[in-house]
Amino acid sequence: MKYTHQAIICIVNSGYSGEVMDSAKKFGARGGTVLNARGTANKDAEKFFGISVESEKEIVLIVVQSNLVDDILHALYQEVGLNTPGQGIAFALPVDNVVGIATETNEKQEK
């Protein structure tokens, strides 16, 4: 089955959701939803990766057309990835059905 949309989930340190959306919008995302969260990484993980883990997080959920995902994930890695102050991770999951989001196809059909 070919999925027409995917959900990008990006988890970043608190205060970096704006950078996530700015990066995603450069490559076609139209909007997202931000959830406040608390991370639970243990101190051993911090030592192993050589980073300090901030417990306050933001989760950004973005649903986009599948053809946009690779470019958006690459941009997120560059702008808010683990080697940045945002210390973000991002991944995408397939979405079976979508209603309520505007795409270029729906906008042309509505005119």
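Q: Which residue in β3 does Ala37 stand opposite?
A: In this predicted model, Ala37 stands opposite Lys57, a residue of β3.

Q: How many bridges join β2 to β3, and which way do the two strands run?
A: Six bridges join β2 to β3, and the two strands run antiparallel.

Q: And what order do the strands take in the sheet?
A: The sheet is open and is formed by four strands in the order β2-β3-β1-β4, with antiparallel pairing. The edge strands are β2, spanning 33–38, and β4, each of which pairs on one side only. Averaged over neighbouring strands of this sheet, and with direction ignored, the turn of one against the next is 25 degrees.

Q: What about β1, how many bridges join it to β3?
A: Nine bridges join β1 to β3, and these strands run antiparallel; one residue to look at is Ile11, whose bridge partner in β3 is Ile59.

Q: How many join β1 to β4?
A: Seven bridges join β4 to β1, which covers residues 5–13, and this pair runs antiparallel as well. Within it, Ile8 has Ala92 of β4 as its bridge partner.

Q: Which strands does helix α3 touch?
A: Helix α3, made of residues 69–80, packs on the sheet and touches β1, β3 and β4, while its direction makes about 5 degrees with that of β1.

Q: Where does α1 lie, then?
A: Helix α1 (residues 17–25) lies across β1, β2 and β3, and it runs at about 20 degrees to β3, the strand of residues 56–65.

Q: Stepping back, what pattern does the chain follow along the sequence?
A: Read along the sequence, the pattern is β-α-β-α-β-α-β-α, and the secondary structure comes to four helices and four strands.

Q: Changing topic to the surface: which residues make the nonpolar patch?
A: Leu82, Ile89, Phe91 and Leu93 make a nonpolar surface patch of about 330 Å². Of these residues, Leu93 lies in strand β4, which takes in residues 89–95.

Q: How exposed is Leu93?
A: Leu93 has a relative accessible area of 42%, so it counts as partly exposed.

Q: And for the whole chain, what area is exposed, and how much do carbon and sulfur atoms supply?
A: The chain exposes about 7400 Å², of which carbon and sulfur atoms supply 52%; as for the interior, buried residues make up 31% of the 111 residues in the chain.

Q: What share of the contacts join residues at least 24 apart?
A: If one takes the contacts in the chain between residues at least 6 apart in sequence, 78% of them join residues at least 24 apart.

Notes. Residues are numbered from 1 along each chain as its sequence is written. This is a predicted model: local features need pLDDT of at least 70, side-chain atom pairs count only at pLDDT 80 or more; totals for chains, interfaces and linings use all residues. Side-chain values use heavy atoms; hydrogens and water are left out. Patches are made of residues with over 30% relative accessible area and no salt bridge: like charges are joined within 9 Å, nonpolar side chains (Val, Leu, Ile, Met, Phe, Trp, Tyr) within 5 Å. Accessible areas come from the Shrake-Rupley method with a 1.4 Å probe; for residues, only the protein chains shown count as cover. A salt bridge is a side-chain nitrogen of Lys or Arg within 4 Å of a carboxyl oxygen of Asp or Glu. Buried means under 20% relative accessible area, exposed over 50%, partly exposed in between (1.4 Å probe, protein chains only). Contact means heavy atoms within 4.5 Å. Two strands pair if DSSP finds at least two bridges between them. Axes are lines fitted to C-alpha atoms, for helices over the stretch in contact, and angles run from 0 to 180 degrees between N-to-C directions.
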